[in-house]
Amino acid sequence: MTRATLDKQPHEVASMFDDVAERYDLTNDVLSLGQTRLWRREVAKAVDARPAQKVLDLAAGTATSSLPFTRTGAYVVPCDFSLGMLQVGKRRHSWLPFTAGDATRLPFRDDVFDAVTISFGLRNVQDTDAALRELYRVTAPGGRVVICEFSHPTWAPFRTVYTEYLMRALPPVARGVSSNPDAYVYLAESIRAWPDQSALAGRLAGAGWSRVAWRNLTGGIVALHRGFKPE
């Protein structure tokens with residue numbers, strides 16, 4: 001897969017992530033110039049996990065994104081549909097309850113989690129709205145969702161520079177550090193095709209989430225969206 005559309009075939013996307021699993025975290029750090037660590041910290045603050053709370057970390061990959069939640073004393077379930085990612089994660093963090101699952105058909109009961117979150121994975125789901133509804137279904141009344149996803153830079157000159165980086169610089173850099181550089185061509189194009197901040201907020205509200213808000217990180221390269229399930 002080298003061309004990105006919003007009509008994604010789940011088995012192709014899963015296979016792509018299987019291929020890059022071993023060096024995925026390193027590659028992300030290099031390509032983002034270290035910004036992924038900042039973004040993970042901001043996600044952890046927004047989720048605000050507490051001791052004994054249940055947190056679903058969807059599209060968790062190798063569970064690098066899950067670790068900040070475990071440090072709060074929360075019970076965290078890393079869930080992903082890439083078995084390659086889960087296998088690498090289980091080897092590194094054997095004590096975490098890794099779970100294989102499709103975002104559009106989550107293997108959990110209704111009203112289970114105090115918080116649900118997904119970072120840089122929602123745009124890779126075949127049916128975004130179905131995933132938002134599933135996250136809503138498994139969240140307990142009063143619970144919250146936090147979505148961290150690439151978005152649209154708010155300053156036009158910076159947006160132009162950023163787009164040039166995505167399409168021209170990112171693939172050559174990926175060839176140097178990734179086991180499957182073609183995957184990063186797809187990822188770059190999927191970022192360009194993704195809805196902007198207000199459009200994603202509207203889709204969250206359409207799935208039932210209330211008090212939806214967002215804030216930009218790194219000039220809008222990334223946006224943090226949050227919503228709540230009414231009690």
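The largest nonpolar core in this predicted model has 23 residues. Those with the most contacts inside this core are Leu-56, Leu-106, Phe-108, Val-116, Leu-122, Leu-135 and Ile-147. Several elements chip in with two or more residues: strands E1 (54-58), E2 (75-80) and E4 (113-119), along with H6, E5 and H9. The top contributor is H6, which gives four residues. As a general backdrop, nonpolar side chains in soluble globular proteins tend to be buried together.

One core member, Leu-106, is worth a look of its own. Setting aside neighbours within four places in sequence, Leu-106 touches Leu-56, Leu-58 and Cys-79, and also Glu-134, Leu-135, Arg-137 and Val-138. Apart from the largest core, there is a second, separate one of 20 residues. Among the residues of this second core are Val-47, Phe-69, Ala-74 and Val-222.

Stepping back to the whole chain, the secondary structure adds up to nine helices and seven strands. The protein chain has 231 residues, and 52% of them count as buried. What about contacts across the sequence? Taking contacts with a separation of 6 or more, 68% come from residues 24 or more positions apart. As for the outside, the accessible surface of the chain comes to about 10400 Å², and carbon and sulfur atoms account for 53% of that.

Helix H9 makes a handy close-up. This helix spans residues 197-206, and its buried residues are Gln-197, Leu-200, Ala-201 and Leu-204. Viewed down the helix axis, the buried residues of H9 fall within an arc of 105°, so they line one face of the helix. What covers them? The cover over the buried residues of H9 includes helix H6 (128-138) and strand E5 (139-150), plus strands E6 (210-217) and E7 (222-228). Both H6 and E5 also turn up, together with H9, among the elements that give two or more residues to the largest core.

Gly-202 is also part of helix H9. Is Gly-202 buried or partly exposed? Its relative accessibility is 43%, so Gly-202 counts as partly exposed. From Gly-202 to Ala-213 is eleven residues in sequence, and the two C-alpha atoms are 9.9 Å apart in space. Another glycine, Gly-208, follows H9 and has a positive phi, near 110°.

Key:
Residues numbered from 1 in each chain as written. Predicted model: local features only at pLDDT ≥ 70, side-chain atom pairs only at ≥ 80, totals over all residues. Heavy atoms only, no water. Buried < 20%, exposed > 50% of the residue type's maximum accessible area, 1.4 Å probe, protein only. Arc of directions from axis to C-beta. Contact = heavy atoms within 4.5 Å. Areas by Shrake-Rupley, 256 points an atom, 1.4 Å probe, with all protein chains shown as cover. Core = buried A, V, L, I, M, F, W, Y, C linked by side-chain atoms within 4.5 Å.
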